[in-house]
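Visitor: I would like to learn how to read a protein model feature by feature, with the general idea set out before the particular case. Could you take me through one?

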Amino acid sequence: MARNTIPSWLFFTQILLPVVEIAAKVPAIIVFGDSSVDAGNNNKISTILKSNFEPYGRDFEGGLPTGRFSNGRIPPDFISEAFGIKPTVPAYLDPIYNITDFASGVCFASAGTGYDNATSDVLSVIPLWEELKYYKDYQKKLRAYFGEEKANDILSEALYLMSLGTNDFLENYYTFFSDRSPEFTVEEYQRFLAGIAGKFITELYSLGARKISLGGVPPMGCLPLERTTNLLSGSDCVEEYNDVAKDFNGKLLELVVKLNKELPGIKLVLSNPYYILLEIIEKPSSFGFENVEVACCATGMFEMGYMCDQFNPFTCAIADKYVFWDSFHPSEKTNQIVSDHVVKNFLAEFL
Ligand SMILES: *[C@@H]1O[C@H](CO)[C@@H](O)[C@H](O)[C@H]1NC(C)=O
Ligand SMILES: *[C@@H]1O[C@H](CO)[C@@H](O)[C@H](O)[C@H]1NC(C)=O
């Protein structure tokens with residue numbers, strides 16, 4: 001009994017001592033990754049992987065198709081809002097924004113990209129190393145506009161979000177034309193990807209980043225597109241892909257532990273969306289969803305990008321009833337639930 005009693009001196013100490021270390025507020029959200037977090041960079045490059053047309057964005061502010069792969073907002077938007085910053089994080093290549101806007105949040109992500117250069121080659125999108133090149137360019141502009149001191153302050157206190165990896169498996173390794181599957185076992189490929197993630201984070205750190213969220217991959221065997229390939233098994237989730245996702249998240253977690261020991265002052269966390277998404281997928285009705293196997297857009301079985309367009313008569317009326325918006329991407333409502341979970345469970349130390 002006595003063990004649990006809070007000593008009264010502790011109570012007084014906390015009241016009397018000034019708070020020595022006030023956690024600095026996060027001034028900006030800086031995003032790297034794939035379509036899970038791309039706010040529209042692909043609009044400006046030559047790729048067929050785009051979503052800047054209706055019905056994408058129909059529940060976004062103004063009903064605007066921005067190039068986000070959803071009916072509304074995506075996780076960086078919700079996270080930025082939860083941190084008291086702005087409700088949306090703009091794409092770096094979007095010409096309507098300038099450095100003043102980007103000072104409080106900027107997105108370098110590109111739909112279709114991966115850790116592996118061979119993945120971004122598949123649909124000619126921005127490879128991860130080039131996202132970093134854009135980030136260096138951003139640093140220059142930030143310093144030129146705000147001065148060295150203020151810019152460095154923003155860069156070191158910002159929260160960096162990384163979200164990618166799914167495409168390395170589904171758009172590359174597991175496709176029949178992949179050069180990677182003859183080259184690596186899936187276990188080796190995971191290590192190869194985690195190695196690239198490690199190098200990327202180390203470089204980001206050397207450029208001044210300190211607060212970094214490394215995103216895990218989702219239960220990717222349950223994406224409607226993958227269920228469609230599993231028709232013979234009753235459109236169940238592809239368990240092999242889910243197992244790979246779990247294994248890969250395990251390797252990312254090992255990386256996070258290692259880098260936190262090696263890089264002084266870094267605060268690196270793994271934001272793992274796997275279990276909350278699996279919970280939504282297994283018990284959709286307890287989150288208010290009515291459809292999980294197929295997506296809202298078109299037939300919901302395989303369409304995304306240009307195949308999910310405004311002329312498709314099958315697109316659902318209320319996306320909030322669907323876990324997935326198109327065959328590869330969550331609806332805004334799912335994004336909101338997952339983001340809320342990530343903020344509370346993985347990013348709380350930065351709040
Ligand atoms: C950026 O655009 C806003 C208006 O959208 C303007 O007020 C601001 O001065 C611009 N900043 C720069 C650096 O051009
Ligand atoms: C990806 O390509 C860039 C540019 O050619 C190169 O610098 C980098 O080393 C490559 N990354 C990997 C992991 O091969």
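Guide: What follows is a walk through this model, from the whole chain to single residues and then to the ligand. Please keep in mind throughout that the model is predicted.

Visitor: Let us begin with the whole chain: how many helices and strands are there in the protein chain?

Guide: The protein chain holds 13 helices and seven strands. Its radius of gyration is 21 Å, close to the 20 Å that the globule rule gives for 351 residues, so the chain is as compact as a globular protein of that length. Along the principal axes, the C-alpha atoms fill a box of roughly 65 × 60 × 45 Å.

Visitor: What share of the residues count as buried, and what part of the contacts comes from residues 24 or more positions apart?

Guide: Of the 351 residues, 47% count as buried. Among contacts with a separation of 6 or more, 69% are accounted for by residues 24 or more positions apart.

Visitor: How should I read a strand, and which strand would you take as the example?

Guide: The general idea is that in a regular strand the side chains alternate between the two faces of the sheet. The case to look at here is strand β1, residues 29-33, in which five of five residues are buried. Both of its faces are covered, since Ile29, Val31 and Gly33 on one side are buried, as are Ile30 and Phe32 on the other.

Visitor: Which strands are joined to β1 by bridges, and do they run parallel or antiparallel?

Guide: Three bridges join β1 to strand β2 (residues 105-107), and these two strands run parallel; here Val31 has Cys107 as its bridge partner in β2. Five bridges join β1 to strand β3 (residues 159-163), again in a parallel arrangement, and in this pairing Ile30 stands opposite Tyr160.

Visitor: Which residues touch the most other members of the largest nonpolar core?

Guide: That core has 85 residues, and those touching the most other members are Ile29, Val31, Cys107, Ala158, Tyr160 and Tyr322. Helix α9 (residues 186-206) gives the most to this core, with seven residues. Apart from it lies another core, of six residues, among them Leu49, Tyr56, Phe69 and Val125. To follow one member of the largest core, consider Ala158, which, leaving aside its neighbours within four places in sequence, is in contact with Val26, Pro27, Ala28, Ile29, Ile30 and Lys211.

Visitor: How would I judge a single residue such as Leu128: is it buried or exposed?

Guide: The way to judge is to count the other C-beta atoms within 10 Å, with 20 or more making a residue buried. Leu128 has 25 of them within that distance, and is therefore buried. Leu128 is placed in helix α5, residues 128-146, and, not counting residues up to four places away in sequence, it touches Phe32, Thr113, Tyr115 and Phe200. Leu128 and Asp116 are twelve residues apart in sequence, and 7.9 Å separates their C-alpha atoms in space.

Visitor: Where is Gly147 found, and is that residue buried or exposed?

Guide: Gly147 is found in the loop between α5 and α6 (148-157). With 11 other C-beta atoms within 10 Å, Gly147 is exposed. Gly147 and Val31 are 116 residues apart in sequence, and 22 Å apart in space from C-alpha to C-alpha.

Visitor: What should I look for in the backbone itself?

Guide: As a general guide, most residues other than glycine have a negative phi, and most peptide bonds are trans. In this model, Ser124 has a positive phi of about 50° although it is not a glycine; Ser124 sits in the loop between α4 (117-122) and α5, and is partly exposed, with 14 other C-beta atoms within 10 Å. Ala298 likewise has a positive phi, of about 60°, and lies in the loop between α12 (274-282) and β6 (324-326). Ala298 counts as buried, with 22 C-beta neighbours inside 10 Å.

Visitor: Which peptide bond is cis?

Guide: The bond from Glu54 to Pro55 is cis, with omega near 5°. Pro55 is placed in the loop between β1 and α2 (75-82).

Visitor: Finally, which residues surround ligand 1?

Guide: Ligand 1 is surrounded by Asn98, Ile99, Thr100 and Tyr145. The residues of this shell divide into two nonpolar, two polar and no charged.

Terms used. Residues are numbered from 1 along each chain as its sequence is written. Chains are lettered from A and ligands numbered from 1 in the order in which they are written. This is a predicted model: local features need pLDDT of at least 70, side-chain atom pairs count only at pLDDT 80 or more; totals for chains, interfaces and linings use all residues. A residue is near a molecule or strand if its C-beta atom, placed from the backbone, lies within 6 Å of it. Ala, Val, Leu, Ile, Met, Phe, Trp, Tyr, Cys and Pro count as nonpolar, Asp, Glu, Lys and Arg as charged, and the others, Gly among them, as polar. Helices (H or I, at least four residues) and strands (E, at least two) are DSSP runs, numbered from the N terminus. The radius of gyration is taken over C-alpha atoms; the globule rule is 2.2 Å times the number of residues to the power 0.38. A residue is buried if 20 or more other C-beta atoms lie within 10 Å of its own, exposed if 12 or fewer, and partly exposed in between; C-beta atoms are placed from the backbone. Two residues are in contact if their C-beta atoms, placed from the backbone, lie within 7 Å. A nonpolar core is a set of buried Ala, Val, Leu, Ile, Met, Phe, Trp, Tyr and Cys residues joined through C-beta atoms within 7 Å. Two strands pair if DSSP finds at least two bridges between them.
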